[in-house]
Amino acid sequence: MSAIKVSIVVAIYNVEAYLEKCLTTLLKQTYPNYELILVDDGSSDRCGEICQDFSQKNPAKIKYYHKENGGLSDARNYGLQYVTGDYVLFIDSDDYVEENMLERMVLMSADGQKKIVECNFLWEYPDKIRTDIRKSYRSLNDYLVNGRVVAWNKMYLTSWLKESQVLFPKGKLYEDQAFFFKLVTFLDSIDDVAIDEACEVHYVQRGNSISYSETKRIADIFWIYQEIIDFYQNKGCLRQYFAELEYRFSRNLLGNVLLRKVLKLKDKKLKQQLLTRIWKNVHTWFPDWRKNKYLKTKDKQNIYLRLLNKVSYKLFYLL
């Protein structure tokens, strides 16, 4: 099993308070055959100094690179070019991991045959911890509907990933969604995906305060979703997976994006602009979304979505 080499790309930007814990847990892995590729994306704090210190003390394990700031996607793509492992993971520099993570994930790889090995994880808040557990997926359709779109809980077969030519979209928020949904189209079946049922990654929540500059990036989701739809159209599989994309995108826009982000904005004008764009885009892309087969379940958010119409949606403008 140890013949399989794993590369871990860590994109780093202004996380000096979290970085040492992240790197320490990565260096404590019980699995021996791996490398760390640290990409300092132009940090202005002590991250560069911390990376240099770790790399000097662990030259056999760590490759350290510094680049001008280009954002998370750019840093991940930059690190990917230096990967030499059979598999690659993208770990966020403010998170940390269990020491058996690599050992268990490599064990699930079927001797390097699986294209994706994902693990469960913990949402770590200042005052509580919540588990995020999946045990299996029934099909690629099920994976599109219920898969965790984040990149940092997955180990990707390097040769397959590079052959797909799928990269993270530079300069855009919601980059993991573009990466996830595009890569699914390169899977032959759900048998290409394995799940390590242990919670391996601690997904550290640093608060959800939103600055004005960040709120303007919420609109990136429209660009991301249009690109994904165009990608599926060009690959000739949009019809095959239309119901899944329709459900996932409309649910996210009218649910998570609207309720957890847009409605919390203090800028009333910007809030109303985004509300209008959400409704317009959902109905442009998916005019019959309310008839989607996945909306028929008794999930609380599905009940909420079925209650949305032109009249009820106008109430959000008053909040």
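Ala, Val, Leu, Ile, Met, Phe, Trp, Tyr, Cys and Pro count here as nonpolar, Asp, Glu, Lys and Arg as charged, and the others, Gly among them, as polar. The model is predicted. This briefing covers its largest cavity and the packing of helix H10 against helix H11.

**The cavity**

- The structure holds one cavity of 30 Å³ or more.
- The space in the largest cavity comes to about 50 Å³.
- Its lining is made up of Ile116, Tyr143, Val149, Val150, Ala151, Lys154, Tyr156, Phe180, Leu183 and Val184.
- Two elements, strand S8 (154-157) and helix H7 (175-184), each give two or more residues to the lining of the largest cavity.
- H7 supplies three residues, the largest share of that lining.
- By class, the lining of the largest cavity has nine nonpolar residues, no polar residues and one charged residue.

**Helices H10 and H11**

- Helix H10 spans residues 242-261 and helix H11 spans residues 268-285.
- The two helices pack at an angle of about 170°, and their axes lie 11 Å apart.
- H10 is therefore roughly antiparallel to H11, as angles over 145 degrees count as roughly antiparallel.
- On the H10 side, the contact involves Phe242, Ser250, Leu253, Leu254, Val257 and Leu258.
- On the H11 side, the residues met are Leu275, Ile278, Trp279, Val282 and Trp285.
- The contact of H10 with H11 has 10 nonpolar residues, one polar residue and no charged residues.

Key: Residues are numbered from 1 along each chain as its sequence is written. This is a predicted model: local features need pLDDT of at least 70, side-chain atom pairs count only at pLDDT 80 or more; totals for chains, interfaces and linings use all residues. Side-chain values use heavy atoms; hydrogens and water are left out. On a 1 Å grid over the protein atoms alone, a cavity is a set of points where a 1.4 Å probe fits but cannot get out, and a pocket is an open set with protein on both sides within 12 Å along at least five of seven lines; lining residues have an atom within 4 Å of a point. Grid points are joined across faces, edges and corners, and a volume is the space filled by probe spheres set on the points. Helices (H or I, at least four residues) and strands (E, at least two) are DSSP runs, numbered from the N terminus. Axes are lines fitted to C-alpha atoms, for helices over the stretch in contact, and angles run from 0 to 180 degrees between N-to-C directions. Angles under 35 degrees count as roughly parallel, over 145 as roughly antiparallel, 65 to 115 as roughly perpendicular and the rest as oblique. Contact means heavy atoms within 4.5 Å.
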